[in-house]
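User: I have a new structure open and would like to go through it with you. Could you start with whatever catches your eye around the rings?

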Amino acid sequence: MSLWLSIPVYWVLLWAASRRKRAYPLPFRFLEGAVLAYLCFLFLPPAFLDSLVWAGLGSILGITMGVWAENKYPDQGRSREFRSAAIFTAAFLFEVFSNGSWVMARGIIGGIALYCASSGLFPEGMSLKDTICTALGGVLGFILGVAICFL
């Protein structure tokens with residue numbers, strides 16, 4: 001799957017941003033939009049089709065854990081991007097090694113990853129220029145991610 005390529009690119013962008021001491025909002029949000037499409041159309045639906053109750057509880061628990069982690073460890077530079085990259089990598093590795101089992105764990109990981117992607121696409125307290133770059137990158141990434149998922 002071509003969306004697997006977004007995770008290494010995300011890590012490379014994170015490394016490049018840390019070396020240059022500045023973030024690149026458009027590429028990060030583009031990749032988060034692509035990952036959001038993957039989560040919405042390929043990662044979470046098998047869990048919900050297998051067991052709606054357990055997958056729903058897992059997703060709610062995962063989103064709650066994402067909110068708790070964001071409040072406990074506020075943004076300090078690129079720490080939000082690092083957390084997102086780590087959970088996206090965990091979601092992709094879980095997809096590879098779980099073989100479609102563990103519905104609750106899939107829901108939890110998917111909920112955390114869904115929260116990370118959504119919080120990156122809908123940030124708080126940014127300037128108008130950064131908000132427009134964020135929105136543009138997220139929308140383009142989501143559209144490309146949906147196209148990749150269904151082609």
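Analyst: This is a predicted model, and a good place to begin is Arg106, whose charged end sits over the ring of Phe43 at 4.8 Å from the ring centre.

User: And which aromatic cluster does Phe43 belong to?

Analyst: Phe43 forms one aromatic cluster together with Tyr38, Phe92, Phe94 and Trp102.

User: How many aromatic pairs does the structure hold?

Analyst: The structure holds six aromatic pairs. One of them joins Phe41 and Phe150, which meet edge-to-face, with 5.3 Å from centre to centre and 70° between the planes.

User: Which parts of the chain does the pair of Phe41 and Phe150 tie together?

Analyst: Phe41 belongs to helix α2, residues 25-43, while Phe150 belongs to helix α7, residues 128-150, so this pair links parts that lie 109 residues apart in sequence. As for their surroundings, Phe41 is partly exposed with a relative accessible area of 34%, whereas Phe150 counts as exposed at 56% relative accessibility.

User: What about Phe94 and Trp102, how are their rings arranged?

Analyst: Phe94 and Trp102 form a tilted pair, with 6.0 Å between the centres and 40° between the planes. Phe94 counts as buried, because its relative accessibility of 10% is under the 20% cut-off, and Trp102 counts as exposed, because its 58% is over 50%.

User: Let me step back to the overall fold. How many helices and strands does the protein chain have?

Analyst: The protein chain has seven helices and zero strands, so reading from the N terminus on, its elements run α-α-α-α-α-α-α. Of the 151 residues in the protein chain, 41% are buried.

User: Pockets next. What is the volume of the second largest pocket?

Analyst: The second largest pocket has a volume of about 210 Å³. Its lining is made by 13 residues, and those that lie nearest its centre are Gly66, Ala69, Arg83, Ile112 and Cys116.

User: Which elements give two or more residues to the lining of the second largest pocket?

Analyst: Those elements are α4 (52-72), α5 (79-98) and α6 (103-121). Among the contributors, α5 gives the most to the lining of the second largest pocket, with five residues.

User: By class, what does the lining of the second largest pocket have?

Analyst: Sorted by class, the lining of the second largest pocket has seven nonpolar residues, along with three polar and three charged ones.

User: You mentioned Cys116, so how many disulfides does a search of the whole structure find?

Analyst: A search of the whole structure finds zero disulfides. For background, a disulfide is a covalent bond between the sulfur atoms of two cysteines.

User: Is Cys116 buried or exposed?

Analyst: Cys116 counts as buried, at 12% relative accessibility. Another cysteine, Cys40, counts as partly exposed, at 35% relative accessibility.

User: One last spot: where is Leu49 found?

Analyst: Leu49 is found in helix α3, which covers residues 45-50, and with a relative accessibility of 75% Leu49 counts as exposed. Along the chain, Leu49 and Val103 are 54 residues apart, and their C-alpha atoms are separated by 9.7 Å in the model.

Key: Residues are numbered from 1 along each chain as its sequence is written. This is a predicted model: local features need pLDDT of at least 70, side-chain atom pairs count only at pLDDT 80 or more; totals for chains, interfaces and linings use all residues. Side-chain values use heavy atoms; hydrogens and water are left out. Rings of Phe, Tyr and Trp (its six-membered ring) pair if their centres lie within 6.5 Å; planes under 30 degrees apart count as stacked, over 60 as edge-to-face and the rest as tilted. Helices (H or I, at least four residues) and strands (E, at least two) are DSSP runs, numbered from the N terminus. Buried means under 20% relative accessible area, exposed over 50%, partly exposed in between (1.4 Å probe, protein chains only). A charge sits over a ring if NZ of Lys or CZ of Arg is within 6 Å of the ring centre and within 35 degrees of the ring normal. On a 1 Å grid over the protein atoms alone, a cavity is a set of points where a 1.4 Å probe fits but cannot get out, and a pocket is an open set with protein on both sides within 12 Å along at least five of seven lines; lining residues have an atom within 4 Å of a point. Grid points are joined across faces, edges and corners, and a volume is the space filled by probe spheres set on the points. Ala, Val, Leu, Ile, Met, Phe, Trp, Tyr, Cys and Pro count as nonpolar, Asp, Glu, Lys and Arg as charged, and the others, Gly among them, as polar. A disulfide is a pair of cysteine sulfur atoms within 2.5 Å.
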